[in-house]
Amino acid sequence: MLLVTGGAGFIGSNFVLGTLAATGEAVVNLDKLGYAGNLRSLAALERDARHVFVRGDIGDRALVRRLLEQHRPRAIVHFAAESHVDRSIHAPAEFVQSNVVGTWALLEECREYFKSQGEFRFLHVSTDEVFGSLGESDPPFTEKSPYAPNSPYSASKAAADHLVRAYHHTYGLPTLIGNCSNNYGPFQLPEKLVPLLIHNALAGKPLPIYGDGRNVRDWLYVEDHCRALRLVLERGVPGETYNIGGESELTNLQVVEALCAQLDTLRPRSAGSYRQLVTHVKDRPGHDRRYAMDISRIKRELGWRPQESFTSGLQKTVQWYLTNADWVAQATRGEYREWIERNYGAR
Ligand code: NAD
Ligand code: DAU
């Protein structure tokens, strides 16, 4: 039995679905169903007794304690977090609360629990953004790169990583950290770049590219990330961290170009190429220029490598959004519209 936090979000739901399919191991899924949590992503598990969904906050220590005692999980896979950099710039408080205080609350509850559990592991799902920003010709981040987070989001994830590390060092809690690059794939809310571009393109709306569009991200298909996490959970060394990435560095302009090319083929529009919709907008404050991950450790030690290229992963993703218009329509109501107005309205 695994306790997964944030399993109704983008990566968490892919992880829960993929884990049940790959291993059949039961999952208790703790998610507060904030704006990014969506039970529709887990609809395939509605009648599956191996999946127990609990709506609640990771900061609710009494609830976490009860779940640990009742279900006796052999591990926690901790995804729950506020995850959107732009939102962290507008409203950082919730990032400190969920990502830092929430992670601390989980660690604190595990401190006693793990002693009575025998085999136990705490896997923290973290990000490449904790290492800061690279120059054009800098080598990729390794597990030894110094932390230099630049946004309230990345600072809160860095703080969480430090707490996880400290609970291993001080209390011997068997922790693991995966620092991963930008994910894309099914069930991602269209506030992040790839699904936002698909969503806007299909609606004939502008495709907003911040600044000069030459910021570089390393893109990884979400199922590849989830496979890596399962390997780290089973075979990673407690106390260690693992860089995870797609070895697929692209500028945002290259991403939007690739996406328009796929949509032009899969859903051509009479008004001409989707490229005509690309619009440069005001830059994100403090926008990190480049992330890149050296993934030689996880390749060498755990035998993992990405199975999807950006082209094959993007094709699957575009296809998914084309055939899941209902999911998108439901996910982009209410709070989503307010956010779009707030973030892009003033530009
Ligand atoms: P997401 O925003 O789609 O999902 C986060 C989920 O956590 C949501 O379902 C939300 O309701 C839940 N949640 C938030 N605060 C909570 C709380 N206090 N208690 C209980 N549930 C809470 O995020 P995602 O993109 O799926 O990211 C998941 C994790 O992976 C995050 O920790 C993020 O930092 C990390 N990560 C994301 C990426 C990426 O590219 N998306 C890359 C590397 C690491
Ligand atoms: O690197 C891993 C991180 O990737 C994760 O830790 C975060 O949770 C995840 O949100 C993501 O952060 P980014 O800020 O890189 O992702 P986002 O999709 O917001 O932006 C990707 C790039 O695209 C970035 O350079 C900003 C740019 N962008 C984004 C949006 C939303 C635009 O040009 N236009 C946009 O409208």
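Me: Is valine 125 buried or exposed?
Reply: The model is a predicted one. Valine 125 sits in strand β5. Buried means under 20% relative accessible area. Because valine 125 has a relative accessible area of 8%, the residue counts as buried.

Me: How many Å separate the C-alpha atoms of valine 125 and tyrosine 171?
Reply: Along the chain, valine 125 and tyrosine 171 are 46 residues apart. In space, the distance between their C-alpha atoms is 20 Å.

Me: What is the relative accessible area of isoleucine 76?
Reply: Isoleucine 76 belongs to strand β4, which covers residues 75–78. The cut-off for a buried residue is under 20%. Isoleucine 76 is buried, because its relative accessible area is 0%.

Me: How far apart are the C-alpha atoms of isoleucine 76 and glycine 102?
Reply: Isoleucine 76 is part of strand β4, while glycine 102 is the centre of a kink in α4. The two residues are 26 residues apart along the chain, and their C-alpha atoms are separated by 14 Å.

Me: What distance does helix α4 reach from its first C-alpha to its last?
Reply: Helix α4 runs over residues 93–113 and has 21 residues. At 1.5 Å a residue, the expected value is 30 Å. The helix comes close to that, with a reach of 29 Å.

Me: On which residue is the kink in α4 centred?
Reply: Helix α4 spans residues 93–113. The kink in α4 is about 30°. Its centre is glycine 102.

Me: Which element gives the largest share of the shell around ligand 1?
Reply: There are 29 residues around ligand 1, and the nearest are Ile11, Asp31, Ser83, Tyr153 and Lys157. At least two residues of the shell come from each of α1 (10–22), β5 (121–127), α5 (152–171) and β7 (182–184). The largest share is three residues, and the element that gives them is β5.

Me: What percentage of the accessible area of ligand 1 does the protein bury?
Reply: An oxygen atom of ligand 1 lies 2.6 Å from a polar side-chain atom of aspartate 31, and a nitrogen atom of ligand 1 lies 2.9 Å from a polar side-chain atom of serine 98. For tyrosine 153, a polar side-chain atom is 2.6 Å from an oxygen atom of the ligand. Ligand 1 alone exposes 840 Å², and the share of this that the protein buries is 95%.

Me: How many charged residues are in the shell around ligand 1?
Reply: The shell around ligand 1 holds 12 nonpolar residues and 12 polar ones. The number of charged residues is five.

Me: What percentage of the accessible area of ligand 2 does the protein cover?
Reply: Oxygen atoms of ligand 2 lie 2.7 Å from an N or O atom in the side chain of threonine 127 and 2.6 Å from one in the side chain of tyrosine 153. An oxygen atom of ligand 2 is also 2.8 Å from a polar backbone atom of leucine 193. On its own, ligand 2 has 690 Å² of accessible area, and the protein covers 94%.

Me: Which element gives the largest share of the shell around ligand 2?
Reply: Ligand 2 is surrounded by 25 residues, with Asp128, Tyr153, Arg284, His287 and Tyr344 the closest. This shell divides into 10 nonpolar, eight polar and seven charged residues. The largest share is three residues, given by β8.

Definitions and conventions: Residues are numbered from 1 along each chain as its sequence is written. Chains are lettered from A and ligands numbered from 1 in the order in which they are written. This is a predicted model: local features need pLDDT of at least 70, side-chain atom pairs count only at pLDDT 80 or more; totals for chains, interfaces and linings use all residues. Side-chain values use heavy atoms; hydrogens and water are left out. A residue is near a molecule or strand if one of its heavy atoms lies within 4 Å of it. A polar contact is a pair of N or O atoms within 3.5 Å; within protein, one must be able to donate a hydrogen and the other to accept it, and residues adjacent in sequence count only if both atoms are side-chain atoms. Accessible areas come from the Shrake-Rupley method with a 1.4 Å probe; for residues, only the protein chains shown count as cover. Helices (H or I, at least four residues) and strands (E, at least two) are DSSP runs, numbered from the N terminus. Ala, Val, Leu, Ile, Met, Phe, Trp, Tyr, Cys and Pro count as nonpolar, Asp, Glu, Lys and Arg as charged, and the others, Gly among them, as polar. The expected span of a helix is 1.5 Å times one less than its number of residues. The bend at a residue is the angle between axes fitted to the seven residues ending there and the seven starting there. Buried means under 20% relative accessible area, exposed over 50%, partly exposed in between (1.4 Å probe, protein chains only).
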